[in-house]
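Here is a short set of exercises to work through with the model open beside you. Try each task before reading its solution.

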Amino acid sequence: MADESKKPMDDQPNTGREDNAKGAQGTPAPKPASGALPEPKPAAPQPVTEASGSHRAAEPGAGAGAPKGDAPSPAELKRRAKAEAKAEKKAQKLRQKREKARGRTRGKEPNEAPAAGSAAEPAKKPAQRQPQATAPASAPAKPSGPQPGTAQPGTDRPQASTPEGAGPGAAGKPANPVPKPADASDAAPAQPGGPARTTEHAHKPASTDAASAPERPATAKDAGSTAVSGAAAGSAAGAQAASGAAAQQKPTASDTRGESDGTTGAQPGTPAPQATAAGAAATDLDSKAAKRRRKREKAQAAAARDSRHSGRRKAGAVAGSTLVVLLAGGAVAAGSLFAPQAEPGKLPSAVTSLPAGDSVYTCPQVPQLLKGVDGTDPQFAPGAKDVSTSIRSAVVSDLAKRIPGSGLGELGQDESRQLTKRIPDEQAREARGSDDQGLTGRTAQVSNTANLDPLQVLRIQPLGDLPSIGSGLRSYQAKDGDLAGLAAGNCVAAASNWRFTGLQTTTGSSSVLHLANPTSTTAQVSIELRGPQGLVDTSTLQEIVLAPGANRAIVLGGYAQGQESVSANIRSLGGKITASIQQSALRGLTPSGVDFVAASAPAANTQVIPGVWIDEKSNIDELTADAAAKNLVPQLHVSATGAAGAGFSVKVLDERGEVAAKFDDHLAVASNATSIVDLRQLDSGYYTVVVEADDPVTAAVRMVRGKNPKDSSDTAWASSSQPLVGNQVTPLSAHGNATFTIAAPQGEATVNAVVISNDGSMAEGQELKVPAGTSRTFKPTDVSEDAQAVLFQADANAYIAQTLLGSDRSVSWAKMPPASVGSEGIVVNVGG
């Protein structure tokens with residue numbers, strides 16, 4: 001294309017220059033207002049396009065009277081030609097990119113001649129009619145460039161026709177109609193020698209372009225440049241035509257035929273026959289200007305395109321994002337609606353184990369004589385002068401022979417008196433199955449604390465994050481005073497529910513309930529009492545607040561007076577508590593016994609009471625011969641815990657099995673009441689009493705030891721127990737002789753008993769088999785005279801209790817503590 005723009009031009013423009021010079025003399029131009037050079041009217045700021053400029057140059061008399069010195073110089077023409085060529089190249093590239101972006105397929109290339117019936121067709125008709133006009137002999141030659149209204153190379157928009165009176169020489173001449181081009185590629189560039197061109201966006205109509213402000217309005221100098229000789233105008237037109245054709249492409253055969261037939265009046269792409277050096281220079285200048293103009297037009301078109309499509313892109317992005325959110329929400333909703341649902345109740349309840357802390361046990365307080373009540377607070381005094389009390393504790397090592405630390409302290413105090421050395425916590429948490437030499441075994445340690453009344457809280461360190469095997473026992477013995485007798489009671493862990501059966505509040509008897517809160521949480525305590533006639537009014541014993549580390553004593557005789565059998569139910573909300581009952585009696589001025597009443601097993605249809613001891617019949621008869629002691633006989637106390645009451649039966653077991661005892665066939669207990677069954681028919685010995693009821697009940701047995709009514713006697717209460725499952729150690733009472741009773745009321749039981757001596761050594765284990773439905777005894781002193789404690793290992797069928805006999809007038813009973821089976825857990829129901 002660059003080679004074609006430099007072809008020698010034909011001599012048509014040169015010929016036209018002479019003819020134009022002559023024509024200028026024959027056709028005078030309109031006179032300017034001030035006699036100066038002709039200027040465009042300032043009232044018409046129309047954009048003067050190249051088509052209009054070339055048209056005026058071709059009109060007769062357009063340059064008449066213009067001095068020859070005002071014609072553009074060859075250098076100016078060359079610059080314009082170069083600028084036009086450059087602008088045409090940029091416009092051509094812009095059109096090609098625009099066509100690709102739009103994605104439209106046209107029937108022909110932008111520079112091809114329009115097909116028949118196209119939008120460019122009307123532009124041919126004025127050009128065909130123009131040669132029919134009779135021109136004067138002196139009319140200048142028709143310029144070689146395209147006629148006004150046709151698509152011109154070098155621009156992307158059509159040329160607007162010059163309105164009437166819009167420029168010099170246009171008066172009285174109608175403007176050539178210029179149809180709207182079919183596309184931006186049909187627009188024509190401005191001609192050299194005319195006013196500055198205005199290039200607007202391709203899609204604007206021609207009328208709008210004519211009304212808009214021109215990029216460079218016509219000036220007096222431009223008007224003078226239009227008045228050059230015909231030769232100069234023809235030369236410039238020929239140079240423009242040549243540069244425009246070279247910037248686009250070579251004309252096709254159809255284009256050549258159409259032009260030779262006179263369709264356009266000139267042949268685009270054919271150089272002027274006699275081009276001068278000035279014409280070539282003008283072409284080069286116009287090409288440079290065109291390049292700069294095309295660059296500016298390209299930037300403007302890109303900005304306009306972005307402006308048009310940015311809104312649509314934003315709307316599309318918003319719509320797409322909204323659609324994604326809606327689809328995601330729909331997927332989630334569908335998943336929640338149609339996801340498979342787990343069947344309820346299929347998952348079992350899970351137990352979450354908590355790390356084990358120190359095991360804390362509260363021991364019974366030392367018995368004291370009730371002197372009176374100050375308001376609601378009982379007043380106590382020592383019940384004897386010759387009194388001895390002791391807490392004996394025993395702890396057993398793990399399989400690595402590590403002894404856990406233990407201590408004894410006061411209620412509500414963190415400090416404890418050390419009984420066994422505490423292992424560092426990090427080492428204690430380590431679970432070990434053998435010692436440093438790889439040997440497996442156990443050892444134990446027994447501690448005795450005497451006459452330390454304020455101390456009552458026993459703490460034992462865990463090993464391997466499991467509670468250690470250990471327990472404690474409080475024992476008491478007085479040889480004189482109103483509280484003469486023998487008493488023993490286990491140190492117990494805190495709980496939320498406690499039940500006691502067989503209490504007495506008759507004349508001379510006192511029952512004192514001791515409550516303690518060893519936890520760090522405030523407890524709210526409620527107490528229910530039942531007697532032979534049913535529930536006892538205890539409205540003032542509801543919602544008793546027990547602060548952490550606090551204890552309280554309640555005299556039950558103040559609420560249930562003169563009752564031979566009372567049962568108590570203590571419930572706690574919030575913090576867990578411990579409960580124990582001190583029972584004592586006087587026959588006038590003669591002591592009738594003292595004891596710690598152990599808590600009964602939870603209410604159930606079957607209650608088992610091991611370790612029941614019955615004195616000689618001769619002693620019982622002698623003691624009860626006194627009218628004041630006629631009720632001092634062994635008794636079974638049963639309490640119904642529901643409104644329906646309960647019917648029950650009694651069985652007594654010994655080593656041979658069930659004892660042949662005659663009890664009423666229709667034993668019953670009324671609604672929420674207590675009942676008493678006399679056991680004096682039993683021979684002397686150790687027994688296990690079994691109560692079977694059709695509704696839940698609690699039970700306990702009162703034992704009596706004495707002979708001469710003038711001497712003191714003693715009483716003890718054996719409570720219903722639960723079977724031992726696993727391993728547990730129980731100390732022997734520091735006072736009296738201990739005998740263990742092991743019962744197997746439902747099935748055969750096997751128990752392994754290991755006696756622990758004072759130095760902690762452990763004797764060889766004794767395997768004790770108990771046939772089903774029988775009860776047997778075991779004396780630790782038969783294994784070791786220095787026996788201090790016994791470690792029992794039993795299955796779920798063995799019920800164990802310790803019966804204590806002191807002098808010929810003292811008796812007591814202690815329950816087997818429950819086994820240490822693991823850390824405390826929380827039941828979590830994950831199945832619904």
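## Exercise 1: a sheet and its edges

Four strands of this predicted model make up an open sheet, ordered 8-5-10-11 and paired antiparallel. Your task: find which strands are the edge strands, then work out how strand 5 is joined to strand 8.

Solution.
- Step 1. Look for strands that pair on one side only: these are strand 8 (444–450) and strand 11 (485–490).
- Step 2. Follow the twist across the sheet, which averages 15 degrees from one strand to the next.
- Step 3. Turn to strand 5 (residues 387–396), which runs antiparallel to strand 8 and is joined to it by seven bridges.
- Step 4. Fix the register with one pair: V396 stands opposite A444 in strand 8.

A reminder helps when you view the backbone: strands of a sheet pair through backbone hydrogen bonds, either parallel or antiparallel.

## Exercise 2: two partners of strand 18

Determine how many bridges join strand 12 to strand 18, and how many join strand 14 to strand 18.

Solution.
- Step 1. Begin with strand 12 (residues 497–503) and strand 18 (residues 566–574): they run antiparallel, with five bridges between them.
- Step 2. Locate a pair in this ladder; L503 faces V566 of strand 18.
- Step 3. Move to strand 14 (residues 523–531), which is also antiparallel to strand 18 and has eight bridges to it.
- Step 4. Here Q524 stands opposite L573 in strand 18.

## Exercise 3: another open sheet

Describe the sheet with the strand order 29-34-31-32, and find the bridge partner of N752.

Solution.
- Step 1. The sheet is open, has four strands and pairs in antiparallel fashion.
- Step 2. Its edge strands, each pairing on one side only, are strand 29 (726–731) and strand 32 (766–770).
- Step 3. From one strand to the next, the twist averages 25 degrees.
- Step 4. Strand 31 (residues 749–757) runs antiparallel to strand 32, and five bridges join them.
- Step 5. In strand 32, E767 is the residue that bridges to N752.

## Exercise 4: charges

Which residues gather in the patch of positive charge on the surface, and why does the salt bridge of R422 and D358 tie together parts that are apart in sequence?

Solution.
- Step 1. Pick out the patch: K89, K93, K97, K100 and K298 gather there.
- Step 2. Assign the residues to elements. Helix 4 (residues 74–102) gives the largest share, four residues, while K298 is found in helix 10 (residues 277–338).
- Step 3. Now take the salt bridges, of which the structure holds 14. In one of them, the side chains of R422 and D358 meet at 3.0 Å, N to O.
- Step 4. R422 sits in the loop between strand 7 (417–420) and helix 11 (425–428), and D358 in the loop between strand 1 (349–353) and strand 2 (359–362), so the pair links parts 64 residues apart in sequence.

Note on methods:
Residues are numbered from 1 along each chain as its sequence is written. This is a predicted model: local features need pLDDT of at least 70, side-chain atom pairs count only at pLDDT 80 or more; totals for chains, interfaces and linings use all residues. Side-chain values use heavy atoms; hydrogens and water are left out. Two strands pair if DSSP finds at least two bridges between them. Helices (H or I, at least four residues) and strands (E, at least two) are DSSP runs, numbered from the N terminus. Axes are lines fitted to C-alpha atoms, for helices over the stretch in contact, and angles run from 0 to 180 degrees between N-to-C directions. Patches are made of residues with over 30% relative accessible area and no salt bridge: like charges are joined within 9 Å, nonpolar side chains (Val, Leu, Ile, Met, Phe, Trp, Tyr) within 5 Å. Accessible areas come from the Shrake-Rupley method with a 1.4 Å probe; for residues, only the protein chains shown count as cover. A salt bridge is a side-chain nitrogen of Lys or Arg within 4 Å of a carboxyl oxygen of Asp or Glu. Lys and Arg count as positive and Asp and Glu as negative; His and the chain ends are not counted. The place of a charge is taken as NZ of Lys, CZ of Arg, CG of Asp or CD of Glu.
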